[in-house]
Amino acid sequence: MSGLRVERDGPVLRITLAKPERRNAFDAELIRDLHDAFGDVGDARAVVLAGEGPTFCAGADVEWQRASIDLSYEENVEDALRLYRMCERIDRCPAPVVALVQGYALGGGSGLVACSDIAIAAPDATFGFTEVKLGIVSAVISPFVLPKISAHARRYFLTGERFDAQTALRIGLVHEVADDLDAAVERVVGELLTSGPQAVRAAKELIRERPTGEETARIAAGLRSGDEGQEGLRAFLEKRTPGWR
């Protein structure tokens with residue numbers, strides 16, 4: 001895949017934006033490759049999303065933006081839908097997605113962060129929903145960003161200003177700021193790997209779907225009576241390590 005590196009590391013799938021000379025910016029090809037990569041994670045127990053070089057993702061590629069000037073309204077709709085479907089594919093990835101964010105994460109780059117389940121940022125990371133600076137808006141990524149930052153969008157979507165990692169932590173876009181980014185990500189991935197593989201995927205679906213009432217009881221009962229739940233409960237009571245570890 002051009003501009004994207006996909007590597008399996010045991011139970012972990014590592015997907016890396018690999019266009020550092022373009023600051024890992026989006027173009028049609030990278031959007032397609034990301035959509036495809038997240039559509040086939042297999043039995044991976046965690047997916048680590050990263051950007052090669054000093055920048056995570058600087059948003060839309062300049063040449064791609066230049067080409068969009070000549071698109072018709074209908075062509076613009078299709079172009080935007082491709083970006084939306086990529087974000088949706090990441091958001092709905094059955095395995096937990098951990099984003100490793102350094103340098104710039106602007107526009108769609110901040111959208112990628114929002115699509116991830118867990119986002120860990122380096123102290124130098126810079127974020128921003130900068131689309132308004134170009135006379136457009138963060139519409140396509142908004143379904144994924146708004147659940148994360150809520151009312152804070154009323155400032156940052158409107159001003160398009162850039163903000164630092166501590167601000168991203170405060171408003172809920174990222175979950176942790178770490179001096180040693182690699183160590184922090186490995187620690188979080190390690191926590192994921194100690195949990196039941198089916199339970200983690202079910203927990204992600206639970207968070208997304210937000211069932212209520214009797215449906216929650218059926219979900220709990222199904223997991224508790226299933227093989228993984230039985231193994232986990234028995235291992236706990238017998239003071240031993242469960243089989244998935």
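**Close-up views of a predicted model**

**View 1. The enclosed cavity in the predicted model.** In this predicted model, the count of cavities of 30 Å³ or more comes to one. The volume of the largest cavity is about 30 Å³, and its lining is formed by Arg45, Pro96, Leu192, Ser195, Gly196, Pro197, Val200 and Arg201. Sorted by class, this lining holds four nonpolar, two polar and two charged residues. Helix H9, which covers residues 197-209, gives the most to the lining of the largest cavity, with three residues. Rolling a probe the size of a water molecule over the atoms is a way to show where empty space is left.

**View 2. Gly160 in the loop between helix H6 and strand E8.** Gly160 has its place in the loop that lies between helix H6 (153-159) and strand E8 (162-164). Its relative accessible area is 3%, and because this value is under 20%, Gly160 is counted as buried. When residues up to four places away in sequence are left aside, Gly160 touches Phe129, Thr130, Val132 and Lys133. Of these contacts, one can also be described by a backbone distance, for the C-alpha atoms of Gly160 and Lys133 are separated by 6.2 Å, although the two residues stand 27 residues apart along the chain.

**View 3. Ser68 in helix H2.** Ser68 is found in helix H2, the helix that takes in residues 62-68. With a relative accessible area of 24%, Ser68 is partly exposed, because this value falls between the limits of 20% for buried and 50% for exposed residues. Ser68 and Asp79 are eleven residues apart in sequence, and in space the distance from C-alpha to C-alpha is 8.6 Å.

**View 4. The protein chain around these sites.** The secondary structure of the protein chain comes to eleven helices and nine strands, and along its principal axes the C-alpha trace spans about 65 × 40 × 35 Å. A compact globule with 245 residues would have a radius of gyration near 18 Å, and the 19 Å found for the protein chain agrees with this. Buried residues make up 42% of the 245 residues in the protein chain, while the area that the chain exposes is about 12,700 Å², of which carbon and sulfur atoms supply 53%. Among contacts between residues at least 6 apart in sequence, 68% join residues that are at least 24 apart.

Notes:
Residues numbered from 1 in each chain as written. Predicted model: local features only at pLDDT ≥ 70, side-chain atom pairs only at ≥ 80, totals over all residues. Heavy atoms only, no water. Helix = DSSP H or I, 4+ residues; strand = E, 2+ residues; numbered from the N terminus. Buried < 20%, exposed > 50% of the residue type's maximum accessible area, 1.4 Å probe, protein only. 1 Å grid on protein atoms, 1.4 Å probe; cavity = no way out; pocket = protein on both sides within 12 Å on 5 of 7 lines; lining within 4 Å. Points joined across faces, edges and corners; volume = space filled by probe spheres on them. Nonpolar A, V, L, I, M, F, W, Y, C, P; charged D, E, K, R; others polar. Rg over C-alpha atoms; globule rule 2.2 N^0.38 Å. Contact = heavy atoms within 4.5 Å. Areas by Shrake-Rupley, 256 points an atom, 1.4 Å probe, with all protein chains shown as cover.
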